[in-house]
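I keep these entries as a record of what I looked up, one topic at a time. The structure comes before the notes.

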Amino acid sequence: MRLKERLIEAFRLYFILVTLITILLMVIGLLFDSERRFGYEVFLSPLVYAAIGVIPALFFRSEKEVSMVRMLVRRIIQVLFIEAAVMVLVFTSSNIPSDRKEVVISIAAGIVVVFILSQFAEYIFELSQSKVLNESLEKYQQLNETR
């Protein structure tokens, strides 16, 4: 995969993650800290968390086809990396109540849910791309058969 294609894929994943993380933060905030009010700096956090989520996608790439088991192992390593990076932020940030166990558990579970949903969104996008490509190939083959 060329660098341009990898960057396009990374940006697509980034914006999917920003959307899902924003929803996750809203749900967790409403459940555990609904009376708290934030300033405009709070809008930066989904952007930072999404950037953390894109990092493994850039490094855990292979130009070759991989087996299903190998792909699952890579995905598990990716989600563990993201969990670790976000948990470091959670425990070092003074704005996140990391002393409350239910908040930390909900963040950890939310990361897994966001990861799964982002993988599903990527799958749907790639499925639609493959359908378009297959239709183009069929048209090309039909055109060559008539010649």
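**Entry 1. Ile107 and the core**

With which residues is Ile107 in contact, leaving aside its neighbours within four places in sequence? I note beforehand that the model is predicted. I found Ile107 in contact with Ile28, Val86, Met87, Val90 and Ile96, its neighbours within four places in sequence being left aside.

I then turned to the largest nonpolar core, which has 27 residues. Within this core, Leu17, Val86 and Ile107 touch the most other members. I looked up which helices contribute: H1, H2, H3 and helix H4 (101–146) each supply at least two residues of the core. H1 gives the largest share, namely ten residues. Val86 thus appears twice in my notes, as a contact of Ile107 and as one of the core residues that touch the most other members.

**Entry 2. Helix H2**

I looked up the extent of helix H2, which runs over residues 44–59 and has 16 residues. From its first C-alpha to its last, H2 reaches 24 Å, close to the 22 Å expected at 1.5 Å a residue.

Next I asked which residues of H2 are buried. I listed Pro46, Tyr49, Ala50, Ile52, Gly53, Val54, Pro56 and Ala57. The cover over these buried residues includes helix H1 (3–32) and helix H3 (68–92).

**Entry 3. Tyr14**

I located Tyr14 in helix H1. Is Tyr14 buried or exposed? Tyr14 counts as buried, because its relative accessibility is 18% and the limit for buried is under 20%.

I looked up the contacts of Tyr14, leaving aside its neighbours within four places in sequence, and found Leu47, Ala50, Ala51 and Val54. Of these, I had already noted Ala50 and Val54 as buried residues of H2. I also checked Tyr14 against Ile52: the two are 38 residues apart in sequence, and their C-alpha atoms are 9.2 Å apart in space.

**Entry 4. The aromatic pair**

A search of the whole structure gave me one aromatic pair. The pair consists of Tyr14 and Phe15, with ring centres 5.3 Å apart. Why is the pair called edge-to-face? The planes of the two rings stand at 80 degrees, and an angle over 60 counts as edge-to-face. I also compared the accessibility of the partners: Tyr14 is buried at 18%, whereas Phe15 is exposed at 51%.

**Entry 5. Salt bridges**

I recorded the general point that side chains of opposite charge can pair when their charged atoms come close. How many salt bridges does the count give? The count comes to two.

One of them joins Arg12 and Glu122, with the closest N and O atoms 3.1 Å apart. Arg12 lies in helix H1 and Glu122 in helix H4, so this pair ties together parts that are 110 residues apart in sequence. Both partners are buried, and for Arg12 I noted a relative accessibility of 18%. Leaving aside its neighbours within four places in sequence, Arg12 is in contact with Glu122, Phe125 and Glu126.

I then looked up the salt bridge between Arg100 and Glu102, for which the closest N and O atoms are 3.1 Å apart. Arg100 is partly exposed, with a relative accessible area of 28%. Glu102 counts as partly exposed too, at 36% relative accessibility. I closed the entry by setting the pairs side by side: Arg12 and Glu122 are both buried, whereas Arg100 and Glu102 are partly exposed.

How values were computed. Residues numbered from 1 in each chain as written. Predicted model: local features only at pLDDT ≥ 70, side-chain atom pairs only at ≥ 80, totals over all residues. Heavy atoms only, no water. Helix = DSSP H or I, 4+ residues; strand = E, 2+ residues; numbered from the N terminus. Expected span 1.5 Å × (residues − 1). Buried < 20%, exposed > 50% of the residue type's maximum accessible area, 1.4 Å probe, protein only. Contact = heavy atoms within 4.5 Å. Core = buried A, V, L, I, M, F, W, Y, C linked by side-chain atoms within 4.5 Å. Phe/Tyr/Trp six-rings, centres within 6.5 Å; stacked < 30°, edge-to-face > 60°. Salt bridge = Lys/Arg side-chain N within 4 Å of Asp/Glu carboxyl O.
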